[in-house]
Amino acid sequence: MRQTNVLVIGGGPAGLSAATAAAQCGARVILVDSSSRLGGQLIKQTHKFFGSREQRAGTRGIEIARLLQEEAEAARVEILPETAALGLYSDGVVTLEKNERLIKLKPERLVVATGASEKTLAFANNDLPGIYGAGAVQTLMNVHGVRPGQRAVMVGAGNIGLIVSYQLCQAGVEVAAVVEAAPSIGGYAVHASKIRRLGIPILTSYSIKAAHGGETLEGVTVWQLNEKWQGIPGTEQVLAADILCLAVGLTPLTELLWQAGCQMEYIPELGGHVPWYDENQQTSVPGIYVAGDAAAVEEASSAMVTGKLAGLASAHSLGLCPDFPVLGEKVRQELTQLRAGPTGEKIRKGLGKLRARSRPGAM
Ligand SMILES: Cc1cc2nc3c(=O)[nH]c(=O)nc-3n(C[C@H](O)[C@H](O)[C@H](O)COP(=O)(O)OP(=O)(O)OC[C@H]3O[C@@H](n4cnc5c(N)ncnc54)[C@H](O)[C@@H]3O)c2cc1C
């Protein structure tokens, strides 16, 4: 059985940052990712990132992925692409699958940075071919160079819905409308303005009633919602579309943490079920850390910082990183700054709830 100081599961911005931080402290680090290309969500983000300068705002997501991978390689992280973590067991063994072969690994410390999966919606015919999550559409267009269709309707006017609508237009797809159930647009005004300048209507207090088609999607019925978020009969509009794109939120991918017996909490503001974790990203199971969207659905900037914190803390717990008391505090302050202001309100509320839940083992 293979052994290592630190195993990082997930090679998105959180995992790459965790691996680099731990390796720079002198830990032997292995990073695995089920995908063939490292970077997680970043490999499909062709736009220049918002966020803070320290976390590379103004650089395109795909470029940030490349830079983070180079840093991990320079720190001598052993990277295993196309390697999926399948199970975490109570004896500390992790099972990995690569090329249809099973590998057993026993790390001294583990960082889980598996990201998040897309949520979906319940409506009539929601299984018709042509109905996608926004991330899937981005993968088709920006990773594989495939135009997903001719005319799209987007559901969700958060940043993801607005950015992917713009990218659909860049790919030559007509966007009929962006439909948003909330009474106001959730994404940044700068992204909404770009959509409006293209002449695309953003219908707030609207949702999907049904999808229509035979073999594939041909159109959707949208309708207005009342203050209880119920559809108002008589307000239906039928929009022709061969793509329906759902950008209605993400939920942390935490199956491995459930398996490991981590204490889990349901906190809607953090995206759903998340593990309990302390101020250094350590879960209720000593030696298992969590970072990025798996800990709380946020942004790449905070994913990089929580990853760095988990990497430093895991190395420190192995007797490395003697400067951790100072360094860790600096990184936590970076996080506080990232989460300041109105855009961080939801995450601050969620983390407040998480911290209020009893610390594992506490009476
Ligand atoms: C359209 C869109 C636009 C965005 N724009 C911005 C922006 O402008 N600024 C910003 O800061 N953020 C932005 N974000 C958010 C940002 O991309 C995410 O918050 C960030 O990528 C989360 O990083 P992560 O490392 O936690 O997870 P991910 O990036 O999702 O990476 C997780 C990785 O884990 C791997 N993995 C999962 N399970 C396993 C397993 N069992 N075994 C092995 N590997 C596994 C996956 O293959 C993946 O590579 C955007 C997101 C989207 C979708």
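Helix α2 and the second largest pocket

In α2, residues G61, I64, A65, L68 and A72 are buried. This is a predicted model, in which local features need pLDDT of at least 70, side-chain atom pairs count only at pLDDT 80 or more, and totals for chains, interfaces and linings use all residues. Residues are numbered from 1 along each chain as its sequence is written, and side-chain values use heavy atoms, with hydrogens and water left out.

Q: What makes the buried residues of α2 lie on the same side?
A: They cover an arc of only 105° around the axis, so they are on the same side of α2. The arc is that of the directions from the helix axis to the C-beta atoms. Buried means under 20% relative accessible area (1.4 Å probe, protein chains only).

Q: What covers the buried residues of α2?
A: The cover includes α1, β3 (78-80) and α7.

Q: How do you know that the span of α2 agrees with its number of residues?
A: The expected span of a helix is 1.5 Å times one less than its number of residues. The 14 residues of α2 should therefore span 20 Å, and its end C-alpha atoms are 20 Å apart, which agrees.

Q: Which elements give two or more residues to the lining of the second largest pocket?
A: They are α1 (13-24), α2 (61-74), α7 (300-317) and α8 (324-338). The most comes from α1, with five residues.

Q: How many residues of each class are in the lining of the second largest pocket?
A: There are 11 nonpolar, four polar and seven charged residues. Asp, Glu, Lys and Arg count as charged, Ala, Val, Leu, Ile, Met, Phe, Trp, Tyr, Cys and Pro as nonpolar, and the others, Gly among them, as polar.

Notes:
Helices (H or I, at least four residues) and strands (E, at least two) are DSSP runs, numbered from the N terminus. Buried means under 20% relative accessible area, exposed over 50%, partly exposed in between (1.4 Å probe, protein chains only). Contact means heavy atoms within 4.5 Å.
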